[in-house]
Structures are given as structure tokens and as C-alpha cells.
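User: Please take a close look at one part of this model for me. I am a first-year student, so short steps would help.

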Amino acid sequence: MKQLLEDVIAGHRLTEQEAVGLLKTRDRRVWEIAAAADRVREMKVGDTVTYVRNQNLHVTNICKNVCGFCGFGKPRGAEGTYFFGKEQIQEQAVLAKEREVTEICLLSGVHPDFNAESYRDIIAWVHEVVPRADIHTGSPDELAWAAKKSGISTEEVIRMVRDAGLGTLQGTAAEILVDRVREIICPRKVSTDEWVRIIKEAHGMGIKSTATIMYGSVESEEDRIRHISVLRDIQDETGGFTELVPLSWLYEHTPLFESGIAPRGATGREDLLLLAVSRLFLDNFDHIQVPWQKVGLKMTSILLRAGGNDIGGTMFVDAVSADAGGEAGGFFDPAEMRRIADDLGVTLRQRTTTYERV
Ligand code: SF4
């Protein structure tokens, strides 16, 4: 392993098999992997930790997918569902503007009635209030659903939402890009091939996106690496991913956990290795985000020394994590981020969605 890690630092591109071996490490060599990832991070982006001033805006928690791993999306008519109209959406957008955010994440369920016009209108309403913010929304699954409902192509949907004010796409709905796993955790979402096709289409139209992995439920180490390998191949082709956002699964109140199909999410060792091995494997990504809302602030600090270089966003609200038992809270105060950065001896810097300086 020592030789392999030295080779990676010197530029060797990890194979899937080598990465699976690293991910399965259980002894003290996990620290050697983390140290190698920290070294690669330093060589790539230096000793600066970035964050984005952003706000989530939930339009609805009604969702046609009701994925087994999710505690947020609910079927129409279920208790506790909500659906905001123009006035309420713009009220939240005004609040975001007052908070001086540079990014608004529209993060919602895939409402069964949503079509291309629905997404276009919601984006336009937000854009009208906060014209300078990057409106970050639209997973490949949402785009596919909108296209189907409106009877048009996904390319046409992307053009519509772009013209309405979309800034960047969310690389969500990826979960694990292995169809056997998707059949268990999110059977109503687009297939792996469809996800890849749509994200490449958007990148080809000049729209950047994040890349995500949602791990810690029923998938194996091999599945995790297969997923990250799919992302690396796309990045080789398009260069359209801004970053990897590893999402450690929050299991509480989710059907997958409650029915006994999946364990209690990833362990700390798995969180550490997923992030570190991603940094080593994804030689064509500059930025790896540490998802504080999924792993908590203390683990966030550790992961910033294991390959992570971005601390995510201020968020303000995060019902998706809260509904699945997330304890880290909705608002991440930049003062707390600075405390973590100072403690690690690195510089904290605000960025835009696409990693330009603010
Ligand atoms: S993960 Fe997204 S698509 Fe799946 S149920 Fe939750 S909100 Fe709906």
C-alpha cells in the first residue's frame, strides 16, 4: 500500500480494483490513506478551505419517487406535506437576498404534477427577486420527469430552465450509479445510463454541475468505487463537474432502515476512507466537499485533513437532513467555519458556486 500511495502522489491513476482495496482497509493504515489524500489536496488546491454563502429553498416535500433511503419526500396526501406557491417562494428568496447569499439551492421533492413549465416558472420567480444569485437546482431525474410530463426532450427542458435563470445543476439523484443498487434504494429514479446521458447533455450545453455520491445503505465497496469511476469518466469527457459532494446516508425515519434492509449508515472509518479514496481516485476533480450536515462538525474538521478542501455552504435551512435525523443544524455560521479552519492552520475563503473568489 505504501508504494501504491506514493505512486498516486506521483501521478499514477488508481484502477477500480486498487481503489476497492484501499476502501476496504480496516487497520491503522487508514491514516496513511488519509495522509496521502491530504497531500494530494495540498498539491492541487493549497491550504485554503472554501465555503459558499448559500440558502436552501424547499418548494415541496411531495415526491413521486418516495425513495427508500429518504426521510424527506412524501406521497401526495401524506401527513406533513407542503407545497409553496409563487408568493411563499419569493418571500424565501427575499430572505435569502437579505442574507447576502450568492447561491440559492432549490431542493425539493419531485412533485408528480411538475412539468417543464413548473420548473421554468419557479426558477424565474426566484431569479426575479435575486438576479445575481446562482440558482442551483434540477437533478437529471427532475429534468427527465419534466421532459416526460411536457412531452419534450431533456435538452429542451435544460434550455428552458437555463433561459429562466438557472445557474448550475445539482448532480443529485445519482445516489449509487449501479442499477442493481438503484433498484433497491430508488427504483423510480432514472437509470444509470439515463443519469449519465442527461448530465453529459447539460455539461455539453455549458452548464456546470456538482457530482454526488449517497453512500452507507445497501451498496458494497465495489459499488461505491464503480460509482466514482463513472463520475471520473464523465469528467474526462466533459470537465463539467465543479466538485464531488460525498453524502453520508442519514438513516433515521427512512423506509430502508425501518424495514431492516439497510444498516445505520456509514461508520466513521467509512466516511474517512470514502472521502480520502475519492480524492486519490478523482485525479480530474479539484474540489472535494465535506458534507458537514451529514457528518457533524467534529468529523468535518477531520475530513478536511483527509482530502477535503471545501466546507460546503451556510445553508440556513436543511429539511432533507433534519427529516432523516441529521443533528448538525440548518445554519452553518462562517464564524464557526473560521474556528475550524484556524484550528487546522488553513485559510478560510468565500467562493461562488463555481469556485471563483467572492
Ligand atoms: S431523495 Fe429526492 S426524489 Fe427521493 S424521495 Fe427524497 S426528495 Fe424524493
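**A covered strand and its surroundings**

Analyst: Strand 6 covers residues 209-215, and 7 of its 7 residues are buried, so the strand is mostly covered. Keep in mind that this is a predicted model.

Start with the partner of strand 6. Strand 7 is made of residues 241-248. The two strands run parallel, and 6 bridges join them. One pair to find on screen is Ser209, which stands opposite Phe241 in strand 7. Between the two strands comes helix 10, residues 221-238. Together, strand 6, helix 10 and strand 7 make a right-handed β-α-β unit.

Now pick one residue in strand 7. Pro246 has its place there. Is Pro246 buried or exposed? Count its surroundings: 26 other C-beta atoms lie within 10 Å. The cut-off for buried is 20 or more, so Pro246 is buried. Which residues does Pro246 touch, leaving out those up to four places away in sequence? They are Ile213, Tyr215, Leu274, Leu275, Ser278 and Pro291. Gly165 serves as a distant reference point. Pro246 and Gly165 are 81 residues apart in sequence, and their C-alpha atoms are 27 Å apart in space.

Follow those contacts to helix 12, residues 268-281. Leu274, Leu275 and Ser278 are among the buried residues of this helix. Others on that list include Asp271, Arg279 and Phe281. In total, 11 of the 14 residues of helix 12 are buried, so the helix is largely enclosed by the rest of the structure. Its length can be checked too. At 1.5 Å a residue, helix 12 should span 20 Å, and its end C-alpha atoms are 20 Å apart, which agrees. A general rule helps when you look along a helix. An α-helix has 3.6 residues a turn, so residues three or four places apart point the same way.

Next, look at the loop after strand 7. His253 lies between strand 7 and helix 11, which is residues 255-258. His253 has a positive phi of about 60 degrees, although it is not a glycine. With 14 other C-beta atoms within 10 Å, His253 is partly exposed.

Other strands give a useful comparison. Strand 2 is residues 54-57, and it pairs with strand 3 in the parallel sense over 4 bridges. Asn56 has Cys105 in strand 3 as its bridge partner. Strand 2, helix 4 (residues 86-98) and strand 3 form a right-handed β-α-β unit. The chain then crosses from strand 3 through helix 5 (residues 116-129) to strand 4, again as a right-handed β-α-β crossover. Strand 3 and strand 4 (residues 134-137) pair in the parallel sense over 3 bridges. Here Ile104 has Ile135 in strand 4 as its bridge partner.

Which way do the residues of strand 3 point? Glu103 and Cys105 point one way, while Ile104 and Leu106 point the other way. All of them are buried. This fits a general pattern. In a regular strand the side chains alternate between the two faces of the sheet.

The loop between strand 2 and helix 4 holds Val66. Phi of Val66 is positive, near 30 degrees, in a residue other than glycine. Val66 has 17 other C-beta atoms within 10 Å and is partly exposed.

There is also an open sheet of 3 strands, in the order 8-1-9, with parallel pairing. Strand 8 (310-313) and strand 9 (347-351) stand at the edges with a single partner strand each, so one side of each is left without a neighbour in the sheet. The twist averages 20 degrees from one strand to the next. Helix 16 (residues 334-344) packs on this sheet and touches strand 1, strand 8 and strand 9. The direction of helix 16 makes about 145 degrees with that of strand 9. Strand 1 (residues 48-52) and strand 8 are joined over 2 bridges, and Val52 stands opposite Gly313.

Finally, step back to the whole protein. Its secondary structure comes to 16 helices and 9 strands. The radius of gyration is 19 Å, close to the 21 Å that the globule rule gives for 358 residues, so the protein is as compact as a globular protein of that length. Of its residues, 50% count as buried. Among contacts between residues at least 6 apart in sequence, 77% join residues at least 24 apart.

Conventions: Residues numbered from 1 in each chain as written. Predicted model: local features only at pLDDT ≥ 70, side-chain atom pairs only at ≥ 80, totals over all residues. Expected span 1.5 Å × (residues − 1). Buried ≥ 20, exposed ≤ 12 C-beta atoms within 10 Å, placed from the backbone. Pairing = 2+ DSSP bridges. Right-handed = clockwise from strand over helix to strand, strands pointing away. Rg over C-alpha atoms; globule rule 2.2 N^0.38 Å. Contact = placed C-beta atoms within 7 Å. Axes fitted to C-alpha atoms, helices over the stretch in contact; angles between N-to-C directions.
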